[in-house]
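Work through the exercises below with the sequence and the coordinates open, and try each task before reading its solution.

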Amino acid sequence: MRATTATARLTRLALRQDRSWLAWWLLGVGAYVTATAAAMRGAYPDQAAVDAYAATAGLRQTERLFNGPGHAVDTIGGLTVFEAGGYLLVAVALFGVFTVVRHTRTPEHDGRAELLAAAPVGRWAALAAACATAGIGALALGTVATAGLMVTGLGARGSAAYGTCVAGSVLVFAAVGTVTAQLSDNPRVALAAAGVALGAAYLVRGIGDLRDNGLVWASPLGWVQAVRPFADERLWPGLLALAGAAALVGLAAWLTTRRDLGAGIRATGPGPAVAAPALRTPTGLAVRLQRGTAVGWACGLGVLGLALGVLGDGVVAATGEVTGMPWAGPQAAELYYGFACLLLGALTGCAGIALTVRQRTEEQAGRTGLVCSGTWSRTRWFACCLGVTLAATVVVLLVAATGLAVGRAVSTDGPFLGTVTHSLAYLPAVWVLVAVATLLVAAAPGWTPLAWASAGYVLVVALLAAVLKLPGWAQDLSPFTHAPGLDDDLTDPRLLVLTGIAALVTTSAGRSFRRRNLVA
């Protein structure tokens, strides 16, 4: 039997399972690209306006750090890619990671892969099917991105080049996911490891673009952005991304021969013979279930906060030298660190959603039913899980804020305590996101993935509200819009309002959880 026997059948099965998932991604990418390009045309209606933007684009160090290099920013196409294109590359990279882990490590963890292995299925069939599914998704997303730009009147060549960037980002990080899926027998660990790799690639690319040196070539995101859409479009960086993806998939295929089915390269040791006393309480069990996710997010955002703080000196110095711009001069530091606090707060909201969604996973596995069938009531279990999640978001944001404050103090002698306290002012907004996710898990568990849609909306508002010219009501839908800035009073009553909204929503969620059937 060949090692890839039944690959075609497994690919069809994977595509059938992912049909809704892929459709939502295609709709989101198409709408995002089209809306961004249309917003750019509205904001810069003539070439004179575009030339005025291009005259200062090279000095916008904050945007180079977060968005990537600016190529052909004297055109609407290049301006669109510079302002919003880099964020989409990160988003579709996550699509690639989730797709391959969903069809490689998750079936092994759930026991489904063992059933398939009893049939005439090759050793590499599941891996090949996952890669084929990710490849089809990459082609579809790249095509939609190309079409979205062309619909707004942008050139076919530049649009196709950006579609290539999108497809390349999916392929490279899907390949990263195939490798991390071999390392541990737990899909969450595989996703976390791939997320760390993506975060490192983004940070390395940002530093390289900020310093304008060869460090960008150490990041796969730097490879795909080197295609230079709407400038002198180049094919070879896309081929470099394809070669890197192929090498990683080859490594993953080799690793599959070095482990047993269902196991990871890193062997999982036996647990203790006797459970810790803390696990006899619902709070202790909730802490045990969530600590790994919380620690991972805290470490990742702590490093990100430290990097943003250290890099602030160069960003502020570069922008502060420019005169006649609203973001220049003394306001540069305030705007930069205010944005950094907002970004860390929004990402902490994502951490809170990840912790909340974990409860749905426990329920689907049948463990929540076992827990609630004993002396612990549903209300008690729900309250303990919610309390641990809220406490974890406090810790995660505190670690991220401390990293930012330390980096700021080192690079610019900025206020340490002020940076921390104003970062923590985003906690009520974080709790609103957690409350929305909790309500979905408790009242409409089938719609739990929509919790991530709320996180995506918050990030779009935080990063692209000005670019997309979002109306005031659309920005007000994000709870982070109502948090105080660096120079605002922390006794702002809006913080109490946000906390009250979170309390009301979670109370409603608790009632729904108590009344519905489990695994419904």
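**Exercise 1. Identify which residues are linked into a cluster by ring pairs, and describe the pair formed by W21 and F98.**

Solution. Ring pairs join W21, W25, F95 and F98 into a cluster, in a model that is predicted. The structure as a whole holds nine aromatic pairs. In one of them, W21 and F98 lie 6.4 Å apart from centre to centre, with 55° between their planes, and the pair is tilted; the angle falls in that class because stacked planes are under 30 degrees apart and edge-to-face planes over 60. The next step is to place the two rings in the chain: W21 belongs to helix α2 (residues 19-43) and F98 to helix α5 (residues 76-103), so that the pair links distant parts of the chain, 77 residues apart. Finally, consider accessibility: W21 is partly exposed at 29% relative accessibility, and F98 is likewise partly exposed, with a relative accessible area of 38%.

**Exercise 2. Determine whether T180 is buried or exposed, and find what its side chain contacts.**

Solution. Begin with the location of T180, which lies in helix α9. Its relative accessible area is 7%, and T180 therefore counts as buried, since the cut-off for that class is under 20%. A polar atom of the T180 side chain lies 3.1 Å from the backbone oxygen of A190. When neighbours within four places in sequence are left aside, T180 is in contact with A190, A193 and A194.

**Exercise 3. Describe the largest nonpolar core and state which helix gives the largest share of it.**

Solution. The largest nonpolar core has 98 residues, of which F66, L88, Y162, V166, F173, L308 and F480 touch the most other members. Helix α5 contributes the largest share of this core, with 14 residues. To follow one member outward, take L88, which touches V29, Y32, V33, Y162 and V166 once residues up to four places away in sequence are not counted. A second, separate core of nine residues includes L289, C372, W381 and V388.

**Exercise 4. Decide where the model calls for caution.**

Solution. Start from the overall figures: the mean pLDDT of the protein is 86, and 92% of its residues reach 70 or more. Confidence is highest in helix α9 (residues 156-180), at a mean of 95, and lowest in helix α4 (residues 61-67), at 73. Over residues 321-328 the pLDDT is below 50, although this stretch has 14 contacts in the model beyond near neighbours in sequence. Where pLDDT is low, predicted coordinates should not be read in detail.

Technical notes. Residues are numbered from 1 along each chain as its sequence is written. This is a predicted model: local features need pLDDT of at least 70, side-chain atom pairs count only at pLDDT 80 or more; totals for chains, interfaces and linings use all residues. Side-chain values use heavy atoms; hydrogens and water are left out. pLDDT is the predictor's confidence in each residue, from 0 to 100. Helices (H or I, at least four residues) and strands (E, at least two) are DSSP runs, numbered from the N terminus. Contact means heavy atoms within 4.5 Å. Rings of Phe, Tyr and Trp (its six-membered ring) pair if their centres lie within 6.5 Å; planes under 30 degrees apart count as stacked, over 60 as edge-to-face and the rest as tilted. Buried means under 20% relative accessible area, exposed over 50%, partly exposed in between (1.4 Å probe, protein chains only). A polar contact is a pair of N or O atoms within 3.5 Å; within protein, one must be able to donate a hydrogen and the other to accept it, and residues adjacent in sequence count only if both atoms are side-chain atoms. A nonpolar core is a set of buried Ala, Val, Leu, Ile, Met, Phe, Trp, Tyr and Cys residues joined through side-chain atoms within 4.5 Å.
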